[in-house]
Amino acid sequence: FRQHYNTMSARVDGGPTVLAFVNSRSGGGLGSVLMQKLRELLPVRQVCDLSLPEEPVRTLEAFAKTPDLRCLVCGGDGTVTWVLNEIDAMNIAPEPGVGIAPTGTGNDLARSLGWGGSFKLSEVSTYLEWLVDDTKTHRVTLDQWRTAFVYDREDVNIWRRSFSDESDFPLCRMEEWTDIRDVKPELPAIRYDARPEDKVAFIAHFQNYFSIGLDAHIALKFHHLRESKKCTCVFANGCGKAVYAYYGASATFNVCKLPPLLAQRLDVYKLCKGLAGKDAIWDTVPIASRVREIVAININSYAGSGVDLWRKPGTEFAVQAPSDKNLELVSVKNGIQQGMLMAGLASATKVAQEPGFWIHIRQPVPMQIDGEAFEAPIPCDVLMDLNKQVPMFLGPKPFHPGFYTSQTVPGSTIGGWP
């Protein structure tokens with residue numbers, strides 16, 4: 001690949017420039033080995049070590065004005081979101097397309113885009129060659145969703161004390177607290193009892209899904225074990241998925257370990273299509289009394305297993321598309337349905353398909369965003385709406401051919417994303 005890449009770079013138009021981002025915490029001890037391999041294939045300055053405190057900002061700043069910039073993110077779903085957020089914050093124009101080397105635990109976005117659900121070190125060269133070959137790869141657009149966790153200003157310190165350790169709440173790296181009025185004009189239109197200036201919001205983004213309840217309960221247990229120094233060897237030996245499966249089975253068959261019924265703890269509203277700003281109208285979304293999990297999903301792979309939660313939408317709902325500016329909301333009643341769903345023997349219950357949702361949480365419940373789990377210590381409001389559409393590259397391992405077909409852009413153009 002190094003010889004092929006150098007040949008392209010010597011062309012009159014310069015050819016594509018590839019930046020590789022490596023998450024040293026993904027895949028056990030694979031990070032350092034992968035970084036060494038990438039530096040054999042790419043110029044050293046084009047391989048970013050995400051474990052350094054100034055990264056990935058420093059690397060992105062150095063190449064921000066490079067034409068036809070392409071990124072290979074090596075890590076899990078959280079790492080991909082991290083890099084996409086930094087690209088957005090720096091206002092790099094045109095935005096570089098992103099490919100994924102799936103070295104994380106879940107890898108749902110990588111699987112959906114055709115990069116596979118797992119990674120072998122021997123595939124590095126293949127991925128790089130695919131990323132720069134315009135006769136093979138395609139750019140696609142992907143909806144990125146913004147989630148605002150809205151609290152009373154007086155409760156901010158309670159939240160901060162609960163998540164004083166950054167490892168307890170991975171999303172705290174994403175974006176700072178902001179006044180609710182700075183988020184978007186339509187958010188205060190929900191008509192809180194308090195004035196908008198008495199509210200603050202913490203912002204996070206996702207491409208895959210946001211969920212509350214059973215699956216977040218399982219993911220939270222997994223996260224705490226992964227952060228425990230006592231279990232480092234388990235994940236270093238590639239046993240992360242086996243541990244996740246164990247927690248899933250435990251929640252399925254042990255009633256005492258199930259999270260609470262959601263109808264007792266939250267209310268869900270949908271944003272009526274075609275309306276926004278001060279004219280926004282929110283309509284109630286009924287949640288069945290026995291439901292223990294709801295998921296707002298954007299792609300066709302869920303929980304690191306490739307499960308398509310929106311398959312066979314029927315006549316009531318439209319077919320899911322990753323760039324249609326709509327989120328699909330589904331529900332799961334219990335651990336047994338969850339287990340059958342993961343095995344492909346059952347389907348989730350389809351609830352709604354809308355451009356935005358508002359969830360009023362009356363009591364603390366476990367949540368997760370793209371596999372990053374946490375539990376809010378106090379009641380809050382969760383608002384989801386479209387943040388932007390991001391350019392991604394399809395990989396060499398088609399997952400569900402046709403899922404991205406309607407919005408595929410062949411090859412690339414010098415100068416980047418149209």
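Tutor: Let's agree on one term before we start: a salt bridge here is a side-chain nitrogen of Lys or Arg within 4 Å of a carboxyl oxygen of Asp or Glu. Keep in mind that this is a predicted model.

Student: Fine. How many salt bridges does that rule give?
Tutor: Apply the 4 Å cut-off to the Lys or Arg nitrogens and the Asp or Glu carboxyl oxygens. The count then comes to 12 salt bridges.

Student: And what is the chain built from, in helices and strands?
Tutor: Both kinds of element turn up in this predicted model. Going along the chain, you get 12 helices and 18 strands.

Student: What share of the contacts with a separation of 6 or more comes from residues 24 or more positions apart?
Tutor: Take the contacts in the chain with a separation of 6 or more, then keep those between residues 24 or more positions apart. That leaves you with 77%.

Student: Which residue forms a salt bridge with Asp134, and is that partner buried or exposed?
Tutor: The closest N and O atoms are 2.9 Å apart, and the partner is Arg70. Asp134 sits in the loop between helix 6 and strand 5, while Arg70 is in strand 3, 64 residues away. Asp134 is partly exposed at 36% relative accessible area. Arg70 has a relative accessible area of 0%, and under 20% counts as buried, so the answer is Arg70, buried.

Student: How many residues apart in sequence are Lys388 and Asp88?
Tutor: Their side chains meet in a salt bridge, 3.2 Å from N to O. Lys388 belongs to strand 17 and Asp88 to helix 4, so the pair ties together parts whose separation in sequence is 300 residues.

Student: Which of those two counts as buried?
Tutor: The cut-off for buried is under 20% relative accessible area. Asp88 is at 25%, so Asp88 counts as partly exposed. At 17%, the one that counts as buried is Lys388.

Student: Strand 17 again: what does Asp385 form a salt bridge with?
Tutor: Asp385 is in strand 17 and its partner is in strand 5, 239 residues apart. Both residues of the pair are buried. The closest N and O atoms are 2.8 Å apart, and the partner is Arg146.

Student: Last one: which residues do salt bridges that share partners join into one network?
Tutor: Start from the pair we already met, Asp134 and Arg70. Shared partners extend this to one network of Asp68, Arg70, Asp134 and Arg139.

Conventions. Residues numbered from 1 in each chain as written. Predicted model: local features only at pLDDT ≥ 70, side-chain atom pairs only at ≥ 80, totals over all residues. Heavy atoms only, no water. Helix = DSSP H or I, 4+ residues; strand = E, 2+ residues; numbered from the N terminus. Contact = heavy atoms within 4.5 Å. Buried < 20%, exposed > 50% of the residue type's maximum accessible area, 1.4 Å probe, protein only.
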